[in-house]
Amino acid sequence: MPPSPEPRRVSILGATGSIGTSTLDLIAGGDGHYRVEAVTAGTNVKELAAIARATGAAYAAIADESLLGELRQELADTTTRVGAGPGAVEEAARMDADWVMAAIVGAAGLAPTLAAVRQGGVVALANKEALVCAGGLMIEEARQSGCVLLPADSEHNAIFQVFDADRIDAIEKIWLTASGGPFRDATRARMMAATPEEAVRHPNWSMGRKISIDSATMMNKSLEIIEASHLFPVSEERIGVIVHPESIVHGLVSYHDGSVLAGLAAPDMRTPIAHTLAWPDRIPASSRRLDLAATGQLTFELPDENRFPALGLARAAIHAGGSAPVTLNAANEVAVAAFLDRRIGFLDIVAIVEATLARVETAATGDIGAVIMADDEARRRAEEMVLERSERTP
Ligand code: NAD
Ligand code: MG
C-alpha cells in the first residue's frame, strides 16, 4: 500500500464566522486530510475554544486582548497554544500552513491577511475589504512570496473557474451577478424605513451581519467590482454587474467570439471554498447540489443605480485611485455599524459613504502605513457624519 500523504496544514482566520464555519465543515469532512495549525476569532472566546478543541488546532488567537485569561482557562487541558490581541491574530496568520482561509470581516482583516500572503502557500480570500483597501500591495506581496491568492467570494470564484488566463486578449467582459438583496423591488420610501432585522434577512444566502447589510445596499457588489479589478486583468469598464435573483449563476466571462462561459452552483459557500481548498484538484464536498429543473427559471435584470447608488461609487473610487477605495470601505464599515446600532437610517449608509468620499481628499497609498492612515481619517469623518445624522433623527 502506498504511504498515506502528509495531511495539509490549514489555518482559518475568522473561524467563528459564517465563512469560517463553512470552512470547518469541509475540513471535518476531509477524512484526516487536514491538520489545523491556527484558528482565530474577534471576541467569541467560547466558540473559538470549542473549535480549537474539536480540530486539535496548534494555536488559537483571539483579537480582544482582555479575553486571554478566559481562552487560556478554556483550553488549559489541551495542547493548543493561546494568544490574544491583534498581534496574536497576525502571528496565527504567519504560521507555517499550506492553506489559509482569510475570513475576518472588514479592514480588521487587512494586517492578518497580508501576513498570510507574505508567508506564502495558498490564501483563500473571503475578506474582500482587505483587497479593496490594499489590492495592489497584496498582489505585489503575493508575487514576491510565491503565495497563490484564490478568490473564495462566490462571484470571483466562478469567474476564476471560467477565466482563460492564457487568452486574456479574447476576453471582452466579466460579469458579477447580484441577488439584489431583500430590497430588490423596494421603493426608496420603503428602504428609508427599513429596520436592521429586515435588512439582514437575505433571500438566498445565510451570511454574517455586515455582508448581509452590504447586500441590501448593494455596497457588497460595489466592493466586489473593486475586488474583481485587482483579481483579474480587466479594466473597470469591462466589469459588468447583472441582477440575478435566484443566485444560481455566480459569474460569467464573455469572449470575443461570442462565447459566454458561466459558473453555476447552488447558493452554498462550501462550494467555492471547497474549490479553493483543493485547487488545482477537486474534492467531493457536502455542499447543496444544483437542481435546475426544480429551480425552473433563471431571471436577469439590469441593476437600478438610482435606487442603489452604491454601484456608481465603486466605479468612481477606482477612477479616483489612491486612497478612494480605502475611504469608501472605511465609511461603509462605520455607517453599517451605526445602522445596526439604530443610530442612522438605512438610506443614510450609502449617503454617508458618498459624503465621506466627497470630503476626504484622495492620497497616495504606496504602503500599508498610508492605507491605515487613510482608513483612520475616513472613519473619523464618517463618524462625524453619523453624529450629524443621528442628532437629526427624532
Ligand atoms: P462573520 O461576521 O460571520 O465572521 C467574521 C469573523 O471575523 C468572525 O470569526 C469574527 O470573530 C472575526 N472578527 C471580527 N472582527 C474581528 C477583529 N477586529 N479582529 C479579528 N477577527 C475579527 O462574517 P462572514 O460573513 O463570515 O464574512 C467574512 C468575510 O468573508 C467578509 O469579508 C465577507 O465580506 C466575506 N464573504 C462572506 C460571505 C458569506 O457568505 N458569509 C460570502 C463572500 C464573502
Ligand atoms: Mg460575493
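**Ligand shell, magnesium site and aromatic pairs**

In the predicted model, F163 has a relative accessibility of 12% and therefore counts as buried, the cut-off for that class being under 20%. F232, at 4% relative accessibility, is buried as well. The rings of F163 and F232 make up one of four aromatic pairs in the model. Their centres are 5.2 Å apart and their planes stand at 35°, and the pair is tilted. The two residues come from distant parts of the chain, 69 residues apart. F163 is in the loop between α7 and β8 (171-178), whereas F232 is in the loop between α11 and β9 (239-243).

A pair of aromatic rings is described by the distance of the centres and the angle of the planes. For F339 and F346, the centres are separated by 5.6 Å and the planes meet at 70°, so this pair is edge-to-face, an angle over 60° being required for that class. F339 has a relative accessible area of 1% and is therefore buried. The corresponding value for F346 is 2%, so F346 is also classed as buried. Together with F183, the residues F339 and F346 form a cluster that is linked by ring pairs.

The magnesium ion (ligand 2) is held by three carboxylate side chains: D153 (OD), E155 (OE) and E224 (OE) coordinate the ion at 2.1 to 2.2 Å. Along the chain, these donors follow the spacing D-x1-E-x68-E. Two of the donors, E155 and E224, link distant parts of the chain, being 69 residues apart. E155 belongs to helix α7 (residues 154-162), and E224 belongs to helix α11 (residues 219-231). Both glutamates fall below the 20% cut-off for burial. E155 has a relative accessible area of 7% and so is buried. E224 has a relative accessibility of 0% and therefore also counts as buried.

Ligand 1 is surrounded by 22 residues, of which T16, S18, G42, E129 and G208 come nearest. By class, the shell consists of 12 nonpolar, seven polar and three charged residues. Two helices, α1 (18-28) and α6 (128-145), each contribute at least two residues to this shell. Polar atoms of the protein approach oxygen atoms of ligand 1 at several residues, including E129, S18 and G14. An N or O atom in the side chain of E129 is 2.6 Å from an oxygen atom of ligand 1. At S18 and G14, the protein partner is instead a polar backbone atom: the distance to a ligand oxygen is 2.9 Å for S18 and 3.3 Å for G14. Each of these three distances is within the 3.5 Å limit, and so each pair counts as a polar contact. Taken alone, ligand 1 exposes 830 Å², and the protein buries 84% of that area.

V36 was examined separately. This residue is part of strand β2 (residues 34-41). The relative accessible area of V36 is 4%, so the residue is buried. V36 and T271 are separated by 235 residues in sequence, and their C-alpha atoms are 20 Å apart in space.

Methods
Residues numbered from 1 in each chain as written. Chains lettered and ligands numbered in written order. Predicted model: local features only at pLDDT ≥ 70, side-chain atom pairs only at ≥ 80, totals over all residues. Heavy atoms only, no water. Near = heavy atom within 4 Å. Polar contact = N/O pair within 3.5 Å; in protein donor to acceptor, adjacent residues only side chain to side chain. Areas by Shrake-Rupley, 256 points an atom, 1.4 Å probe, with all protein chains shown as cover. Helix = DSSP H or I, 4+ residues; strand = E, 2+ residues; numbered from the N terminus. Nonpolar A, V, L, I, M, F, W, Y, C, P; charged D, E, K, R; others polar. Donors = N, O, S within 2.8 Å, 3.2 Å for Na, K, Ca; no water. Buried < 20%, exposed > 50% of the residue type's maximum accessible area, 1.4 Å probe, protein only. Phe/Tyr/Trp six-rings, centres within 6.5 Å; stacked < 30°, edge-to-face > 60°.
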